[in-house]
Amino acid sequence: MKTRLIVAFCAAFLSSASLAQEKVVNIYNWSDYIDPTVLDDFTRETGIRVVYDTYDSNETLETKLLAGKTGYDVVAPSASFLQRQIQIGVYQKLDKSKIPNLKNLASDIMSRLATYDPGNQFAVNYMWFTTGIAYNVEKAKARVGDKPLDSWDFVYKPENLRKFADCGVYMLDSPEDILTTSLRFLQINPDSKNAADIRKGADALMRVKPFVKKFHSSEYINALANGDICLAVGWAGDSFQARNRAKEARNNVDIEYMIPKEGTLISMDNLAIPKDAAHVAEAHALIDYLLRPEIAARNSNVTNFANGVAASRPLVSPDILNNKAVYPDEAIMKRLFTATAYDQATQKIVTREWTRVKTGK
Ligand code: N2P
């Protein structure tokens, strides 16, 4: 009996010792946003196990961050949310000495990010992208003719969007993306924090909402790819993932994505470490790994999103690098606008208006 107890004690001690030694990093990232083999390679090289969870909205991430203990070591907020969350104090400063690959980041992107994170103290850019119109080429041709859907008129004029209602329209479940682009359509400052402007944007959405099947921020990739829907207001990389999935399925679905000529929102998603992270050294190791040029290129090659690592560009496949909807040229860049954080009071109005758009109440 005594020996058995000792054996049991030793076993328990050993297993808790090996647990204590296990190196792990918990990352919470957007869905469809990484080459999964990158995580395996990271673990193989560093011995750090990766626990990878996903979300598809900044609001979901923010709810967790504000609730206190997230359990995550690395998260990926978009810039405007990052800005407010830094002010609230949910992140810890990066230890730049632990991220030598910082040198690989594009300086223009990091200086744009500095508008949200002064001095680039809390975050590094992961990916950046536009919000635009993704559509099924054949179904669009049958409804509006040969012309590309290169204007917000196709989406935000009810008489246009109604033509797509029968083949399925999705919009991102993201007030920042949808309200700002509807304001752009209305020729109102998309970054306006004025309550009356925000209401006008929401009113415009109410007029097209009868033709929208669903507000959702990740299902549209497969829905477009398998022909279940024909139009989505979505993100660039996701839309090209839809195109690629359709090609792989050889189902004769061809997906196009357009940056509307009136211009659109350009956003950045960034890597940051929550204040309560339990594995800070591992978090820095993972961030540094993701900033290696060859790793960033692999992630772009799988996700079709532009990454923030300038040194990765020679390794990004030419059809992605030369796709102006993914890596816009100077002329397109001039038409893009950014969004800044809503203050607390405006955020309340936005949330209320967004609920009105989605539920009619
Ligand atoms: C990844 C979508 C990320 C872009 N599927 C929105 N932040």
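Contact between the two domains of this predicted model involves 26 residues of domain 1 and 26 residues of domain 2. Domain 1 comprises 22-128 + 267-328, while domain 2 comprises 129-266 + 339-359; each is thus listed as two segments of the protein chain. The centres of domain 1 and domain 2, taken over C-alpha atoms, are separated by 25 Å.

The ligand lies between domain 1 and domain 2, because both contribute residues to the shell around it. This shell is made up of Trp-30, Ser-31, Asp-32, Tyr-33, Ser-78, Phe-129, Trp-235, Asp-238, Asp-269 and Phe-305. Classified by residue type, the shell contains 5 nonpolar, 2 polar and 3 charged residues. With respect to the cavities of the protein, the ligand occupies the largest one.

Polar contacts to nitrogen of the ligand are made by backbone and side-chain atoms. A polar backbone atom of Ser-31 is found 2.6 Å from a nitrogen atom of the ligand. Asp-238 places a polar side-chain atom 2.8 Å from a ligand nitrogen atom, and an N or O atom in the side chain of Asp-269 is 2.6 Å from a nitrogen atom of the ligand. The ligand exposes 260 Å² when taken alone, and 97% of that area is buried by the protein.

Technical notes
Residues numbered from 1 in each chain as written. Predicted model: local features only at pLDDT ≥ 70, side-chain atom pairs only at ≥ 80, totals over all residues. Heavy atoms only, no water. Near = heavy atom within 4 Å. Polar contact = N/O pair within 3.5 Å; in protein donor to acceptor, adjacent residues only side chain to side chain. Areas by Shrake-Rupley, 256 points an atom, 1.4 Å probe, with all protein chains shown as cover. 1 Å grid on protein atoms, 1.4 Å probe; cavity = no way out; pocket = protein on both sides within 12 Å on 5 of 7 lines; lining within 4 Å. Sits in = over half its atoms within 2 Å of the grid points. Nonpolar A, V, L, I, M, F, W, Y, C, P; charged D, E, K, R; others polar. Domains from an automatic or database assignment. Contact = heavy atoms within 4.5 Å.
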